[in-house]
2 protein chains.
Amino acid sequence: MREFILRAQKAYTTEFNLDDLPNAGRIDLVCRCISNAVFLSNDLRRDTIIHVVLEGPKDPPKIISFNGNDLKDFYFDEKNIARIILKALKKGKGLKSGEEVEAHPGVKISKKSFEQLVKEKSQTQLIYLHEKGIDIREKEFKENVTFIFGDYTGIPKKTENFLDNNGAEKISISNKMLFASHCIVIVHNELDRKFLLS
Amino acid sequence: MREFILRAQKAYTTEFNLDDLPNAGRIDLVCRCISNAVFLSNDLRRDTIIHVVLEGPKDPPKIISFNGNDLKDFYFDEKNIARIILKALKKGKGLKSGEEVEAHPGVKISKKSFEQLVKEKSQTQLIYLHEKGIDIREKEFKENVTFIFGDYTGIPKKTENFLDNNGAEKISISNKMLFASHCIVIVHNELDRKFLLS
């Protein structure tokens with residue numbers, strides 16, 4: 001299983017205007033990550049889950065998880081994905097800490113922190129991007145692997161320390177500053193190649 | 001210079017509803033390609049131009065070119081890019097064959113066919129994706145290179161023949177069926193690596 005965790009520190013957690021995603025704490029960026037994580041041109045990526053951790057106003061944190069194996073009635077442009085996020089936020093209203101509900105086929109929302117989620121995934125190979133990390137092309141990946149990304153605000157130093165303490169490994173994928181949505185595409189491509197050859 | 005040509009056979013060429021991009025002949029897909037072609041997380045890709053060839057109703061063909069070096073007031077989510085496309089289509093109304101106008105800083109629109117554009121770029125290294133192409137990682141690229149992509153309808157056989165007759169070379173980048181917008185990310189990453197090392 002390939003899993004992605006996107007920590008979106010500004011993304012709104014109650015409601016937002018579907019016609020103005022950038023001003024909803026950059027929900028547009030979140031949507032692009034989801035789209036690139038779970039869609040192929042002719043299918044869904046059935047071996048992939050992406051968890052987006054929304055930490056903006058007014059009821060943080062909320063985690064929405066999209067499972068490529070179970071998604072239905074799901075279209076890949078930003079606005080349609082944002083519509084599903086909004087639907088999930090409505091379903092998740094009033095959730096207590098640790099609770100989770102299904103909001104749409106293949107989409108669950110939970111009241112949980114980034115740190116809790118990472119700890120839950122600590123039995124998988126945890127990976128995050130760092131300029132001093134090992135080149136992704138040289139890195140060996142396990143079958144169950146979780147990639148952790150920050151949004152446009154990056155991964156704070158404190159979070160890096162937390163990840164290091166939980167056994168996360170660092171990789172690098174480019175000499176350029178890429179968006180998380182770009183990194184997801186490159187990670188998928190690398191794993192597609194590695195697991196084709198292995 | 002890196003150039004991309006996206007042939008969008010259904011994309012609308014006069015006007016469309018900014019709040020429903022998929023039903024404008026998949027303008028959402030066109031926007032994602034533009035975003036991935038010209039944006040880094042912290043800058044524009046100043047060595048990159050993407051030409052989108054719109055061939056849908058009601059006044060095909062129209063070519064809109066986005067030059068990363070000259071773009072201003074340009075935001076990277078789908079709706080804001082679509083807004084610039086719409087602005088360009090309005091400025092390009094009534095253009096005669098071969099004519100071109102600037103529609104926005106870094107954005108030009110012309111009345112020109114896909115074939116004409118490819119012929120203009122034939123002094124660069126022309127590349128298109130094909131499952132039997134050479135693996136992108138094994139391929140050598142020239143400094144001036146133009147990558148040609150189809151949209152979700154793919155590249156028709158007739159177009160493949162036209163490209164072959166104009167000296168285009170074939171590459172492959174994945175064993176999976178990816179979106180053109182994904183391919184652009186992977187092409188950039190490969191060239192970033194190759195030209196860093198050379």
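Chain B and chain A each put residues into their contact (heavy atoms within 4.5 Å): 35 residues come from chain B and 35 residues from chain A. This is a predicted model, where local features need pLDDT of at least 70 and side-chain atom pairs count only at pLDDT 80 or more, while totals for chains, interfaces and linings use all residues. Residues are numbered from 1 along each chain as its sequence is written, chains are lettered from A in the order in which they are written, and side-chain values use heavy atoms, leaving out hydrogens and water.

Here is the interface in brief.

| Item, chain B and chain A | Value |
|---|---|
| Buried area | about 3,400 Å² |
| Share of that area from carbon and sulfur atoms | 52% |
| Salt bridges | six |
| Residue pairs in polar contact (both at pLDDT 80 or more) | 15 |

Buried area is the accessible area (1.4 Å probe) that two parts lose on being put together, summed over both. A salt bridge needs a side-chain nitrogen of Lys or Arg within 4 Å of a carboxyl oxygen of Asp or Glu. A polar contact is a pair of N or O atoms within 3.5 Å; within protein, one must be able to donate a hydrogen and the other to accept it, and residues adjacent in sequence count only if both atoms are side-chain atoms.

Want a salt bridge to look at? Try A:Arg137 and B:Glu190, whose side chains meet at 2.6 Å, N to O. On chain B, α1 (27-38), α2 (78-91) and α5 (180-197) each supply at least two residues of the side that touches chain A. The largest share, eight residues, belongs to α5(B).

Key: Helices (H or I, at least four residues) and strands (E, at least two) are DSSP runs, numbered from the N terminus.
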